[in-house]
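Hello,

Here is the structure I said I would pass on. My notes on it follow below.

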Amino acid sequence: MSPAAAVLEKAEAADLAAAREMDRYAIVKSHLYTSGEIDHTQPQPRDDAKGRLRLMGHDPRLPKMPEKPTLIDFFKLRFGPCVHMLQSARLAQKNGCSEKIVLACLLHDVGNNGFIRADHGYWGAQLVEPYVDEEVTFAIRYHQALRFFPDEKYGYVYPESYARMFGRDFDPGKHIHRAHEYAKKHKYYEAARLLTVNDLYAFDPNVHVELEEFTDVIGRNFRQPEEGLGFDDSPTAHMWRTINWPTRYL
Ligand SMILES: [Fe+2]
Ligand SMILES: [Fe+2]
């Protein structure tokens, strides 16, 4: 058998194994994933899961994570391509920001890139909170609010793309106004503001950034747990496990 044919045969065998795994399991999505498409307050037709196990671990449709996953594994095997976060981190570096701000930029949209889109700043901050400096967490949490408010001192203007995406008269709501007021008086305001300044509001198709450029920044500023993210009993370990195994039945 030629090497190419051997590779093909191996790929087909892997596909077949994945298909068999799929047949073994009834894979159910969390309500949150389908809320809106489905009105869960109404009775739903029952899935026919007869003879199949409920999935309680790895989803065979996804690349398998290592036993002790690192932040970089999550970037590569679970998050989206993350071009926007990588470009923002590169911009922060170019602008001479501290490593903490570079890391905050690199992680600032993990909420919508890998977990939950709505309230992404809050989810993202919570995810990384046990592993980074509080200044990084603050910046990620409050960029959610600060991006809606201009700050001349830092040269931050309301993004034109937001006006296009959300409408010219969009108001983010009272809780976001309150968060902005709170952040303005906080000792880490500058960190959160610098994040919004380096947060790229227009994706540049010509700038290619590799995650590896930030291996050292991550190594110095992200406390990677020895047991692997999700298995370290931190207050947010369960959130990382859910990203690892998003379709576990319970
Ligand atoms: Fe964001
Ligand atoms: Fe962003």
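Helices here are DSSP runs of H or I with at least four residues, numbered from the N terminus. By that numbering, the loop between α3 (71-77) and α4 (83-94) holds Cys82, which comes up again further down. Please keep in mind throughout that this is a predicted model.

Overall layout

The protein has 250 residues, and 30% of them count as buried. Its secondary structure amounts to 13 helices and two strands. The C-alpha trace spans about 65 × 50 × 35 Å along the principal axes. The domain assignment splits the protein into domain 1 (3-54) and domain 2 (71-223). Taken over C-alpha atoms, the centres of domain 1 and domain 2 are 34 Å apart. If one looks at contacts between residues at least 6 apart in sequence, 72% join residues at least 24 apart.

Helix α7

How much of α7 is covered? Seven of the nine residues in this helix (residues 120-128) are buried, so "mostly covered" is a fair description under the cut-off of 20 or more other C-beta atoms within 10 Å. The buried residues of α7 are His120, Gly121, Trp123, Gly124, Ala125, Leu127 and Val128. The elements that cover them include α5 (99-107), α6 (110-114), α8 (134-146) and α13 (237-244).

Helix α8 and its two crossings

Two helix pairs involving α8 are worth a look. In one, the axes of α8 and α10 (residues 174-184) come within 8 Å and cross at roughly 125°. That angle makes α8 oblique to α10. The crossing of α8 past α10 is left-handed. On the α8 side the residues involved are Tyr142, Ala145 and Leu146, and they meet Ile176, Ala179, His180 and Ala183 of α10. By class, the residues of this contact are six nonpolar, one polar and no charged.

In the other pair, the axes of α5 and α8 come within 9 Å, with a crossing angle of roughly 45°. α5 and α8 are therefore oblique to each other. This crossing of α5 and α8 is right-handed. α5 contributes Lys100, Ile101, Leu103, Ala104 and Leu107 to the contact, while α8 contributes Glu135, Val136, Ala139 and Ile140. The contact of α5 with α8 divides into seven nonpolar, no polar and two charged residues.

The spacing of the contact residues can be read against helix geometry. An α-helix has 3.6 residues a turn, so residues three or four places apart point the same way.

Two positive phi values

Cys82 has a phi near 65°, which is positive in a residue other than glycine. Is Cys82 buried or exposed? Cys82 counts as buried because it has 20 C-beta neighbours inside 10 Å, and the cut-off for buried is 20 or more.

Asp119 also has a positive phi in a residue other than glycine, near 60°. Asp119 sits in the loop between α6 and α7. It has 15 C-beta neighbours inside 10 Å and so counts as partly exposed.

Two individual residues

Asn112 is in helix α6. With 19 other C-beta atoms within 10 Å, Asn112 is partly exposed. Leaving aside residues up to four places away in sequence, Asn112 touches Arg117 and His120. His120 is one of the buried residues of α7. Asn112 and Tyr142 are 30 residues apart in sequence, and their C-alpha atoms are 15 Å apart in space. Tyr142 is one of the α8 residues that meet α10.

Ala92 is in helix α4. It is buried, with 25 other C-beta atoms within 10 Å. Which residues does Ala92 touch, not counting those up to four places away in sequence? They are Cys97, Ile101, Val102, Cys105 and Asn198. Ile101 also takes part in the contact of α5 with α8. Ala92 and Leu194 are 102 residues apart in sequence but 8.2 Å apart in space, C-alpha to C-alpha.

That is everything I have on this one.

Regards

Methods. Residues are numbered from 1 along each chain as its sequence is written. Chains are lettered from A and ligands numbered from 1 in the order in which they are written. This is a predicted model: local features need pLDDT of at least 70, side-chain atom pairs count only at pLDDT 80 or more; totals for chains, interfaces and linings use all residues. Domain bounds come from an automatic or database domain assignment. A residue is buried if 20 or more other C-beta atoms lie within 10 Å of its own, exposed if 12 or fewer, and partly exposed in between; C-beta atoms are placed from the backbone. Two residues are in contact if their C-beta atoms, placed from the backbone, lie within 7 Å. Axes are lines fitted to C-alpha atoms, for helices over the stretch in contact, and angles run from 0 to 180 degrees between N-to-C directions. Angles under 35 degrees count as roughly parallel, over 145 as roughly antiparallel, 65 to 115 as roughly perpendicular and the rest as oblique. A crossing is left-handed if the near helix is turned anticlockwise from the far one by less than a right angle, and right-handed if clockwise. Ala, Val, Leu, Ile, Met, Phe, Trp, Tyr, Cys and Pro count as nonpolar, Asp, Glu, Lys and Arg as charged, and the others, Gly among them, as polar.
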